[in-house]
Amino acid sequence: MEVVAESVAGIDVHQKEITVTVLIGSAESAKPKKVHARFQTVTFDLKACGAWLKQQDVKQVLMESTGQYWRPVWQILEPFGFNMILCNPRIIKNIPGKKTDQKDSEWLSELARYGLVSASYVPPRQIQELRESTRLSKSITQQMTRLKNQVHDILQRSNIKLTTYVSDIFSGSGRRILALLENGEVINLANIEQAGTGKRGYRLKATPKQILASLDGALSYNDRFLMAMNMNLLASYQRELINLESRIYEQLEAFSELYHRLQAIPGVGEGTAQIIIAEIGSDVSPFPDAHHLASWAGLCPGSYESAGKKHGAHTLHGNKYLKTAMITAAMAAKSTKQTGLRDFYWRLCSRMGKQKANVALAHKLLRIIYVMIQTGATYQEYKKSQRTEDTLTPKI
């Protein structure tokens, strides 16, 4: 194998310590010089590791993305000027056998020396912070959904059929009726009407009598206690989510122009645009072309060939946050009226089915986004009579 880097270091990262192996030697040398060292992961020792690597004249450092443990190591070593490479653990598995931290670091250094791994995308610090905020926002939203589902479970097991007549029980009139249940009050037509479901406040399709009948269940004291606790947690999450959204808008001010341009694409709303910028950033140069970006996002079909025959393969996992956002955008884009994206989706449906067509549409959207970020172009929708192969999507 051809040597592509003559002075490399492989780092096996753990929570408490890192194991470093340095390989130094020219391409002509039969056996490079090998040096090992261990450092604690406290800041002082990591800085000492950077100075030691400098003494060893290391030019390139390779490490795997082990949880969040790699991040402080990366941030401390990067200012030393090394060519930092982060790789996916899935693609650097060693040959089965005796496993030690030293052997792992040796294997990483050999991979770096012969250029056998491709670097993972590590965005700038500003994009990393935005990514952390948007991912936390998604996590909070998922937690809120779980809390709502638990409230629904409590109502159903208590034979309270409020959701039959009220589509959203967590806001407006529905929330005020839940408060009556939480407090254990005697419920009658009068307080239902006062809660906003009758007379002037009446906005529901069901009558107060129907709602009163739906509340005739067996809600125990423990169920009321649990429901009140879930509702308090839900209110707390809602308050914090509002604060987090304000922070996200502050972080997006530096990308305001791109943020608004992305929302011109059919199916891409504010939330999707935030995730796109947080996951990709405002510079697509780390990706050679749009197809590399789509592969990184997990929107490209796999390739499997054996004995001269090509077999179908599933898409890879990729970046689950970006992939989910693009699939969601595709589902919205296919419902838009008189757009080329909608027509593209229905043409594919006739030969590959709706699910595959939706993934293909998400792939197309991501290619459009790549070109928009790369060239600074604005999305423009053409009428059906104006569409040509060139106007639908820039050639990539």
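**Entry 1: helix H4**

I began with helix H4, which has 33 residues and reaches 48 Å from its first C-alpha to its last. That is close to the 48 Å expected at 1.5 Å a residue. I note here that I am reading a predicted model. Next I looked at what comes after the helix: H4 is followed by Asn 159, whose phi is positive, near 60 degrees.

**Entry 2: the largest pocket**

I looked up the largest pocket and found about 1400 Å³ of space in it. Its lining is made up of 31 residues, and the closest to the centre are Ser 65, Asn 88, Ser 120, Tyr 121 and Trp 296. I then asked which helix gives the most to this lining. H4 does, with 4 residues. I also listed the helices that supply at least two residues each: H2 (70–77), H4 (125–157), H12 (290–297) and H13 (320–333). By residue type, I have the lining down as 13 nonpolar, 12 polar and 6 charged.

**Entry 3: the sheet**

I turned to an open sheet of 5 strands and wrote down its order as E3-E2-E1-E4-E5, with mixed pairing. Strand E3 (33–40) and strand E5 (83–87) are at the edges; each has a single partner strand, so one side of each lacks a neighbour in the sheet. From one strand to the next, I have the twist averaging 20 degrees.

I checked one pair of strands in more detail. Strand E4, residues 60–64, runs parallel to E5, and 5 bridges join the two. Within this pair I located Gln 60, which stands opposite Asn 83 in E5.

**Entry 4: helices on the sheet**

I asked which strands H2 lies across. They are E1 (7–13), E2 (17–24), E4 and E5, and H2 runs at about 165 degrees to E5. Helix H3, residues 101–114, packs on the sheet too, where I found it touching E1, E2, E3 and E4. The direction of H3 makes about 140 degrees with that of E1. I went back to H2 once more, as one of the helices that also supply residues to the pocket lining.

Conventions: Residues numbered from 1 in each chain as written. Predicted model: local features only at pLDDT ≥ 70, side-chain atom pairs only at ≥ 80, totals over all residues. Heavy atoms only, no water. 1 Å grid on protein atoms, 1.4 Å probe; cavity = no way out; pocket = protein on both sides within 12 Å on 5 of 7 lines; lining within 4 Å. Points joined across faces, edges and corners; volume = space filled by probe spheres on them. Nonpolar A, V, L, I, M, F, W, Y, C, P; charged D, E, K, R; others polar. Pairing = 2+ DSSP bridges. Axes fitted to C-alpha atoms, helices over the stretch in contact; angles between N-to-C directions. Contact = heavy atoms within 4.5 Å. Expected span 1.5 Å × (residues − 1).
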